[in-house]
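Thanks for coming, everyone. I'll keep this brief. Please have a look at the sequence and the model first.

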Amino acid sequence: MDYDAAFAEQLDGLRGAGNYRVFAELERRAGSFPRASRWTEDGQVSDVTVWCSNDYLGMGQHPKVLDAMHEALDRCGAGAGGTRNISGTNHQHVVLESELADLHGKEAALIFTSGYVSNWASLSTLAARLPDCVVFSDALNHASMIEGIRHSRAECQRWRHNDCAHLDELLSAVAPGRAKLVAFESVYSMDGDIAPIADILDVCEKHGAFTYIDEVHAVGLYGPRGGGIAEREGLMHRIDVIEGTLGKAFGVMGGYIAASKTVCDFVRSFASGFIFSTALPPAIAAGATASIRHLKESQIERVRHQNRVKIVRDRLNALGIPHLPNPSHIIPIMVGDAHHAKMISDWLMDNHGIYVQPINYPTVPKGTERLRITPSPVHTDADIDRLVEAISEIWSQCRLARQELAA
């Protein structure tokens, strides 16, 4: 069998459908976010402004974060030296977990190498080892959650996205004595909608279900101390497991869960994705700790962030550029065609130095292809002017439909 040919045929299928992913080769500039350098295959370098980063608050460039990482690197060296079990638990890991537990009002926390791994390892372990467990998964849950649930081999029932009545109906049909785990997100990253957390928890408590929330697109951004939507709404104490990331609003790398001491110890003791993974470098943990501590105290970044989001939305509305209305910081500009989305993204980069990655299937359903804009506190008014004017120009060139302004 010609294995390369078999692989190439499927890659050609992606290209033909417009879903082949092309990575933009960037070089971030310390202290200059959202500016970056773009490298091309022919060795050319140009300036770009990044409009699709998950470094939502620019904390990956914050002086406190960089100073903490430099200091830890000089003091501890580069790597952790092993898994957490075998020589890899550094003092910085313990400090970070304490800081995360405090952030979410929980007894303990456990860090992982990424948000994907924290979801996969935690959900697969919990669902597999709870006796006779049935998992109820929101229909739009992230791939990492879906993979974790699949790996657990527990029975899984999908409930319609954010539909509490459907969740109640499904839970009502399960025998009262069975273990029930309900997994959902707070902010959904592609549409930017926010879950009705209080209503979901009411249903879960009615049926004695164990609750697991993914707050990766909310931690740092919402709540008086950056604890996420659940903190903003005063609900953290009602949730069994809060999962988050250190690689988005906190600007560094890693994932985590915050829960009771027993739950964290259980995952620590049984999750293969935790047990057999080399621990995060101490400098990464130190940077994350500095970022969390800063955002617990500072409102400046969150206030400025929301201001930038509102201005971009208002400007797009004024030009009739269609984007999904939602109460979060994520602005999905709807294109509806994979080839168009890629072409618009390339044109913005080549002609205006504006980088917005196209989002295509399978990340989003076919026919809902989009550009996902994520304004940050450090995008200036001039940056916003260039963005919306360039999008309006290419929208006209492509003769794409515009929304009518409300009277």
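How many cavities of 30 Å³ or more does a search of the whole structure find? One. Keep in mind that this is a predicted model.

Let's start with that cavity. The largest cavity has a volume of about 90 Å³. Two elements each give two or more residues to its lining: strand 4, residues 108–112, and helix 11, residues 272–275. Here is who lines the cavity. Going up in number, we have Arg84, His93, Ile111, Phe112, Thr113 and Val117. Then come Gly273, Phe274, Ser277, Thr278, Ala279 and Leu280. By class, that lining has six nonpolar residues, five polar and one charged.

Next, an open space. The second largest pocket holds about 160 Å³. Which residues line the second largest pocket? Gly31, Ser32 and Phe33 do, and so do Leu57, Gly58 and Met59. Gln61, His62 and Pro63 are there as well, with Glu301 and Val378 completing the lining. The class count for this pocket is five nonpolar, five polar and one charged.

Now to helix 7, which runs over residues 164–172. At the start of the helix, look at Asp163. One of its side-chain oxygens comes within 3.2 Å of the backbone nitrogen of Ala165. Which residues of helix 7 are buried? Cys164, His166, Leu167, Asp168, Leu170 and Leu171. What do those buried residues pack against? Three strands are on the list: strand 5 at 134–138, strand 6 at 155–159 and strand 7 at 180–185. Helix 8, at 197–207, is on it too.

That brings me to the cysteines. A search of the whole structure finds zero disulfides. Take Cys204. Its nearest cysteine sulfur belongs to Cys164, 8.5 Å away, and Cys204 is in no disulfide. Cys204 is also buried, with a relative accessible area of 1%.

Why is there no bond for Cys264? Because the closest cysteine sulfur, in Cys133, is 18 Å from its own, and that is too far. The cut-off for a disulfide is 2.5 Å between the sulfur atoms. Is Cys264 buried or exposed? Buried, at a relative accessible area of 4%.

One link before I stop. Cys164 has come up twice: among the buried residues of helix 7, and as the holder of the sulfur nearest to that of Cys204.

That's my tour. Over to you.

Methods
Residues numbered from 1 in each chain as written. Predicted model: local features only at pLDDT ≥ 70, side-chain atom pairs only at ≥ 80, totals over all residues. Heavy atoms only, no water. Buried < 20%, exposed > 50% of the residue type's maximum accessible area, 1.4 Å probe, protein only. Helix = DSSP H or I, 4+ residues; strand = E, 2+ residues; numbered from the N terminus. Contact = heavy atoms within 4.5 Å. Polar contact = N/O pair within 3.5 Å; in protein donor to acceptor, adjacent residues only side chain to side chain. 1 Å grid on protein atoms, 1.4 Å probe; cavity = no way out; pocket = protein on both sides within 12 Å on 5 of 7 lines; lining within 4 Å. Points joined across faces, edges and corners; volume = space filled by probe spheres on them. Nonpolar A, V, L, I, M, F, W, Y, C, P; charged D, E, K, R; others polar.
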